[in-house]
Amino acid sequence: MGGGGDGGGSSGVGGFRNPLRNIERVLNEAIARSFVGKYFKLEARNSCFTKELRAGLATFLTMAYIITVNANILADSGGTCSMADCSVPVNGTAAPDCMFKPNPGYQNCLATTKSDLMVGTILSAMIGSFAMGVLANLPLGLAPGMGPNAYLAYNLVGFHGSGPIPYRTALAVLLVEGCAFIAVSALGLRSKLAKLIPKSVRFACAAGIGLFIAFVGLQVNQGLGLVGPDPATLVTLTACNRTNPETGECIGGKMQSPTFWLGSIGFVIMAYGLMKELKGSMIYGIVFVTLVSWFRGTAVTYFPLSPLGDEKFNYFKKVVDFHQIQTTAGVLSFNGFNRTPVWVALATLFYIDVLATTGTLYTLAEIGGFVNERGNFEGEYMAYIVDGGSTVVAALLGVSPVATYVESSAGIREGGRTGLTAVVVSFCFMMSLFFTPLLSSVPPWAIGPSLVMVGVMMMKVVKEIEWGNVKESAPAFMTMILMPLTYSIANGIVGGIGLYVALSLYDQVVRVMEWLGKMKRVVAKEQNQVSASAANAELVSVV
């Protein structure tokens, strides 16, 4: 009886699966013969529609964290918010430091800016991924990249506009950088420019940016709050339950912050998921911490019982809402373009884009088996053009440069081989446009763990550095250490290249000295031959 029941159950399941498989097979065959299938070369690349669909969903799940992470990082710059947005007391005026203290008016402006940046992030990812799929026919997802967003927010514009370049001018820098990248790619100069930077410094850039991002994720404003300022040691361990709202210094309760411990659990979830190679592990950690933080009346709530908390909660309760960009789209300005910080920023962003895009595209092409014996792959030319064009779109939408995501490897491992995977990724980003109230309610202590994990994953390139060769290792170390400690990606790149040039100077001097010595010997030999010839001629004449 039991065996018959099991057999009947298996037969029933098998009978249920077979029609589904038949439907899937018929669907795949129909799409493969259609215009869509022929355009994306499904049969030629040994793929099918359902495989591309699964690959696109896998890629989206692994990179969807960027929607909230990017918006939170860029919102720290303040966007277009200024002192004019601050609430002022009755019969008074706004103080110049109102942007750095709790101020209801300025916080409302930041909330609007954050929603704008979220929509801008989604739109740039949607457009970039769609273009990559349709024009380059590659299974790669695009979105604003980690690294350039932190550089824009904390180095260029600065926290709430305290940096050397205004937000509007920074967007103009991004626009010019995107156009320059398109031009360089179109002329075929991209790989040559990438090789100008020493190999060790190129690897160290990725690791240094990872350290920089992780450092941001450990701070209280945009992350876990594990580290904070200290007047004696500059940085110290905090995670306090009471901090100074103006300076961020610990007032009391070190390592007793409830939000820190909740965020730490989220980090463990991410790490465990990545250990087990679960797709969407970053999302699982963010979602867990966020869901717990949505309950009001707790020590970890994102909606405290205050006027600002009530306002956030009322917007959150909408769940579904389409937010129209109000403050960040098309606001770029070329004023102040003749200043040195602007050109340093342009050069830094350009080189980061060249190095990151070149490395990521070739890595993913190798994983997908697209690279031929000459080291090229189909769609390579258009892929670089799309990458640069997407950065131009991002600048017009008010967000940081777009990059090809290495998380696309998740979709490639699922079998994605054509641009249809990227189109599915684009569709998923489009659907997320309608859930802005939920996405904008993700707390910093849910974002922080993901930033630290990004730093962990970016550190793996250090194994490529020749640590036994001081000429290679010293510039690499200088690049990595300067980025987080000076809070500047540009300083790290300049420091690493400068040290490499200094260490190479000795070799160059030795080569020049050897060349001069060789030339001296050649000249002496010629002089001796001339003297010998003259002596022989004189002897002949005497005879």
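These points concern the fold, surface, charges and one helix of a predicted model.

1. Secondary structure. The protein chain holds 20 helices and 6 strands. Its C-alpha trace extends over about 125 × 75 × 45 Å along the principal axes.

2. Burial and contacts. The protein chain has 543 residues, and 48% of these count as buried. Among contacts with a separation of 6 or more, 75% are made by residues 24 or more positions apart.

3. Surface. About 25700 Å² of the protein chain is accessible. Carbon and sulfur atoms contribute 65% of that accessible surface.

4. Charges. There are 37 positive and 32 negative side chains in the protein chain. The centre of the positive set and the centre of the negative set lie 4 Å apart.

5. Span of helix H18. This helix covers residues 444-458, which makes 15 residues. At 1.5 Å a residue it should span 21 Å, and because its end C-alpha atoms are 21 Å apart, the expected and computed spans agree.

6. Burial of H18. Buried here means under 20% relative accessible area. On that criterion 12 of the 15 residues of H18 are buried, so the helix is largely enclosed by the rest of the structure. The buried residues are Pro444, Trp445, Ala446, Ile447, Gly448, Pro449, Ser450, Leu451, Val452, Met453, Val454 and Gly455.

7. Cover of H18. Several helices contribute to covering the buried residues of H18, including H4 (66-75) and H9 (199-218). Helix H10 (258-275) and helix H11 (281-293) are also part of this cover.

Definitions and conventions: Residues numbered from 1 in each chain as written. Predicted model: local features only at pLDDT ≥ 70, side-chain atom pairs only at ≥ 80, totals over all residues. Heavy atoms only, no water. Helix = DSSP H or I, 4+ residues; strand = E, 2+ residues; numbered from the N terminus. Buried < 20%, exposed > 50% of the residue type's maximum accessible area, 1.4 Å probe, protein only. Contact = heavy atoms within 4.5 Å. Areas by Shrake-Rupley, 256 points an atom, 1.4 Å probe, with all protein chains shown as cover. Lys, Arg positive; Asp, Glu negative; His and termini not counted. Charge placed at Lys NZ, Arg CZ, Asp CG, Glu CD. Expected span 1.5 Å × (residues − 1).
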